[in-house]
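Notebook open, structure loaded. I'm jotting down what I look up as I go.

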Amino acid sequence: MVSAASTGSVSDPALPADLVEVGHVAEAFGVRGGLKVQPYSAQSEALLGSRTWWLRKGAEVRRVEVADAKRHGAVVTATFPGVSDRDQALAWKGWTVLVPRSQFPRLAEGEFYWVDLIGCELTGKDASDREVVLGSVTEVSDNGVHAILHVACVEPVAPGQPTQPLLDARGRRRETLVPFVDAYIRGVDLDARRIDSDWPEGF
């Protein structure tokens, strides 16, 4: 088997500071050196929009110039220069794919990359219909219909005030799941790292 390090990749110590994990090589694709990449979200634009990927396995990081990448159902298929058979492709199985955030394609107005939503503060409404901070987004997932915000809850406070984690009876951080749809989300301000919603406190 040919090692991944000898299949058209180069070691690059000058890693971009804004690398983001966008998927991993799940399997070989076909018998002519294709790779099957599983995106980490339903948005595969970051994989398709960059022709340079960084691949990581353990402490090793390799830069690869991508010959071709396209959607194939829920995955992305890709080919690398110098990878021409299934054994060479399998050498990349399990490697994580990273792309600089600065190379992500621009989205249409009102669309957002999931990675940009993580860390944003979520506001909602208390029992008196006042705006309060409900928590911060720790993860975004997909239920097959729309995105879901995973929010680590805080004791509700007015925006701009210090927050404290909201714990359950066992002392664990409470989490709430908020559908990322127009029915609940009123606006997103990435510069302010804030998502305004009509999600009720305590739901």
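I started toward the C-terminal end, with strands 13 and 14. Strand 13 covers residues 185-189 and strand 14 covers residues 194-200; I find them antiparallel, joined by 4 bridges. For a register mark I noted D189, which sits opposite R194 of strand 14. The two strands make a hairpin, and 4 residues lie between them. I checked the turn too: R193 has a positive phi there, about 55°.

A reminder to myself: this is a predicted model. So how far does the confidence go? I looked up the pLDDT: the chain average is 89, and 94% of the residues score at least 70. Residues 1-8 are another matter, with pLDDT below 50. In the model that stretch still has 19 contacts beyond near neighbours in sequence, and I'm leaving them alone.

Next I went to strand 2, residues 19-29. Which strands does strand 2 pair with? One is strand 3 (residues 34-39), antiparallel, over 6 bridges. I put A28 opposite L35 of strand 3. Strands 2 and 3 also form a hairpin, again with 4 residues between the strands. In this turn G30 is the residue I flagged, with a positive phi of about 75°.

The other partner I noted is strand 8 (residues 96-100), also antiparallel, over 5 bridges. Here L19 faces P100 of strand 8. A general note in the margin: side chains in a regular strand alternate between the two faces of the sheet.

Then I pulled the UniProt record. The entry is unreviewed, and it places "domain: RimM N-terminal" at residues 22-103. I looked at that span in the model: 50% strand and 12% helix, with its end C-alpha atoms 12 Å apart.

Last look-up was the largest pocket. Its volume comes out at about 250 Å³. I count 16 lining residues, and E21, Y40, S41, W114 and V115 are the ones nearest the centre. What is the lining made of? It splits into 11 nonpolar, 3 polar and 2 charged residues.

I also asked which element gives the most to this lining. That is strand 2, with 3 residues. Helix 1 (45-49), helix 3 (114-117) and strand 10 (131-142) each supply at least two. So I have strand 2 down twice in these pages: once for its pairing with strand 3 and strand 8, and once for the pocket.

How values were computed: Residues are numbered from 1 along each chain as its sequence is written. This is a predicted model: local features need pLDDT of at least 70, side-chain atom pairs count only at pLDDT 80 or more; totals for chains, interfaces and linings use all residues. Side-chain values use heavy atoms; hydrogens and water are left out. UniProt positions are given in the numbering used here, feature names are shortened, and annotations may be inferred rather than shown by experiment. On a 1 Å grid over the protein atoms alone, a cavity is a set of points where a 1.4 Å probe fits but cannot get out, and a pocket is an open set with protein on both sides within 12 Å along at least five of seven lines; lining residues have an atom within 4 Å of a point. Grid points are joined across faces, edges and corners, and a volume is the space filled by probe spheres set on the points. Ala, Val, Leu, Ile, Met, Phe, Trp, Tyr, Cys and Pro count as nonpolar, Asp, Glu, Lys and Arg as charged, and the others, Gly among them, as polar. pLDDT is the predictor's confidence in each residue, from 0 to 100. Contact means heavy atoms within 4.5 Å. Two strands pair if DSSP finds at least two bridges between them.
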